[in-house]
Structures are given as structure tokens and as C-alpha cells.
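Here is a short, friendly briefing to read alongside the sequence and the model. Keep the structure open as you go through the topics.

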Amino acid sequence: MKYIITLSLLLISVFSHASTKLDPKLAIFEPYLGTWEASFSMAEGQPPMTDVGTWERALNGKAIRTKHSINDGVYGGESFIFWDKEKEQMVFYYFTTADFFTEGTLEITEDGSFIAYEDVTGSSEGITQVKSTSFFKDGQFTVTTQYLKKGEWTEPQQRIYSRSNKEVIFK
């Protein structure tokens with residue numbers, strides 16, 4: 001009987017580990033898995049924003065699925081990040097509640113940070129490209145973002161994300 005219980009526990013351990021494993025190409029994103037939150041201001045006179053996002057293993061570990069919402073669903077989006085064998089690079093697609101989407105690539109740097117380059121389709125604000133740099137340090141991650149809006153790059157915006165128990169909300 002002890003043998004059966006021990007074998008059962010071993011099998012459960014093996015299968016639970018297998019179900020959380022990421023493709024080695026995606027291992028850089030392991031620390032990002034979970035739920036995160038950042039608060040920030042957009043412009044003077046504008047209400048503060050709170051961005052809540054989740055990063056999770058998807059498609060048997062062959063992709064990362066992210067989803068986020070700002071101010072309890074005023075705006076949100078979902079993306080899939082995966083290794084594109086044909087392009088031989090990390091790519092992603094991001095779909096939003098604001099009727100636009102982006103397609104991009106990720107460049108992983110030697111220090112473990114990554115740079116995202118996005119082409120935007122359908123932005124009502126005139127945004128055609130986005131560039132962001134993300135890095136993980138001391139249990140938080142920082143994202144610095146710039147937008148190519150009406151032909152000019154905006155000033156960089158920085159957000160620092162910490163672990164959160166909040167939920168992503170879509171209306």
C-alpha cells in the first residue's frame with residue numbers, strides 16, 4: 001500500500017511539473033508569470049490609472065498569454081507571445097478593447113531585459129508604432145514605453161509593476 005501511495009504522489013508531482021513547464025525559448029519570462037499591478041498618471045489633470053495584468057503559461061508552454069485592464073476595464077488587452085520558428089525570433093500579437101491591435105517582435109538582451117517593437121493597426125489616436133523596454137529586478141518589473149504618434153516619438157513613460165491579488169476586468 002505504501003508503494004502505491006508513494007508512486008501516486010510521484011506521478012502527481014511529475015504531471016504537475018510538466019503542466020507548468022515553459023518552452024526553453026520562453027524561460028526568460030518565468031519571473032513574469034502571475035498577477036501584477038502598476039499605478040501611474042497620464043497627464044496633468046487626468047485621473048490616476050491602475051493597470052492590472054496577468055502573465056500565464058499557454059498552449060502547453062509554447063506561448064505566454066498576457067491580459068490586462070486599466071481602471072477596472074476602461075481599457076484592456078490580451079496578447080500571445082511565442083517563438084516563431086520561421087522568423088527565428090520571439091513574436092507577439094496584442095488585441096485591445098479599443099478596436100486596434102499590434103503585431104510585434106521581442107529582442108532579448110544579454111542582461112535579461114527585453115525590447116518590444118510593435119506595429120499598430122487601427123489606432124484612433126494616430127499611433128503607428130510602439131517601442132518598450134522591460135526588465136525584472138528585486139521582485140518587480142519596470143516597463144518604459146514610447147509611441148510613434150502622428151510621426152513623432154512621445155517622451156518615454158515608465159511604469160513599475162508589483163505583485164497583486166487584483167483581477168483583470170473586462171466590461
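Where does Asp138 lie? Asp138 is in the loop between β8 and β9. Please keep in mind that this is a predicted model. The points below start from that loop residue and go on to the largest pocket, the aromatic pairs, the charges over rings and the salt bridges.

**Loop residues with positive phi**

- Asp138 has a phi near 55°, which is a positive value in a residue other than glycine.
- With a relative accessibility of 68%, Asp138 counts as exposed, because exposed means over 50%.
- Leu59 is another residue to look at: its phi is near 50°, again positive in a residue other than glycine.
- You will find Leu59 in the loop between β2 (49-58) and β3 (63-70).
- Leu59 counts as exposed, at 59% relative accessibility.

**The largest pocket**

- The largest pocket holds about 1,400 Å³ of space.
- It is lined by 45 residues, and the closest to its centre are His68, Tyr75, Tyr94, Tyr147 and Arg159.
- By residue type, the lining of the largest pocket splits into 25 nonpolar, 14 polar and six charged residues.
- Arg159, one of the residues closest to the pocket centre, also lies over the face of Phe40, at 3.9 Å from the ring centre.

**Aromatic pairs**

- There are 14 aromatic pairs in the structure.
- In one of them, Trp36 and Phe136 have ring centres 5.9 Å apart and planes at 85°, so this pair is edge-to-face.
- Trp36 belongs to strand β1 (residues 34-40) and Phe136 to strand β8 (residues 127-137), so their pairing ties together parts that are 100 residues apart in sequence.
- How do the two partners stand in terms of accessibility: is Trp36 buried or exposed? Trp36 is buried, with a relative accessible area of 1%, whereas Phe136 is partly exposed, at 31%.
- Phe141 and Tyr161 make a stacked aromatic pair, with 4.8 Å from centre to centre and 10° between the planes.
- This stacked pair links distant parts of the chain, 20 residues apart: Phe141 is in strand β9 (residues 140-149) and Tyr161 in strand β11 (residues 157-163).
- Phe141 is buried, with a relative accessible area of 5%, and Tyr161 counts as buried at 8% relative accessibility.
- The four residues just described come together in one aromatic cluster, formed by Phe29, Tyr32, Trp36, Trp55, Phe114, Phe136, Phe141 and Tyr161.

**A lysine over a ring**

- Lys25 has its charged end over the ring of Trp83, 4.3 Å from the ring centre.

**Salt bridges**

- How many salt bridges does the structure hold? It holds six.
- Glu56 and Arg65 meet through their side chains in a salt bridge, at 3.1 Å from N to O.
- Both partners count as partly exposed: Glu56 has a relative accessible area of 30%, and Arg65 has one of 22%.
- The side chains of Lys87 and Glu103 form a salt bridge with an N to O distance of 4.0 Å.
- Lys87 is in the loop between β4 (75-84) and β5 (89-96) and Glu103 is in strand β6 (residues 101-108), so this bridge ties together parts that are 16 residues apart in sequence.
- Lys87 counts as partly exposed at 42% relative accessibility, and Glu103 also counts as partly exposed, at 34%.
- Glu125 and Lys149 are joined by a salt bridge whose closest N and O atoms are 3.8 Å apart.
- Glu125 sits in the loop between β7 (114-121) and β8, while Lys149 is part of strand β9, so the pair ties together parts that are 24 residues apart in sequence.
- Glu125 is partly exposed, with a relative accessible area of 45%, and Lys149 is partly exposed, with one of 33%.
- Glu56, Arg65 and Glu78 are joined into one network by salt bridges that share partners.

Definitions and conventions: Residues numbered from 1 in each chain as written. Predicted model: local features only at pLDDT ≥ 70, side-chain atom pairs only at ≥ 80, totals over all residues. Heavy atoms only, no water. 1 Å grid on protein atoms, 1.4 Å probe; cavity = no way out; pocket = protein on both sides within 12 Å on 5 of 7 lines; lining within 4 Å. Points joined across faces, edges and corners; volume = space filled by probe spheres on them. Nonpolar A, V, L, I, M, F, W, Y, C, P; charged D, E, K, R; others polar. Phe/Tyr/Trp six-rings, centres within 6.5 Å; stacked < 30°, edge-to-face > 60°. Helix = DSSP H or I, 4+ residues; strand = E, 2+ residues; numbered from the N terminus. Buried < 20%, exposed > 50% of the residue type's maximum accessible area, 1.4 Å probe, protein only. Lys NZ or Arg CZ within 6 Å of the ring centre and 35° of its normal.
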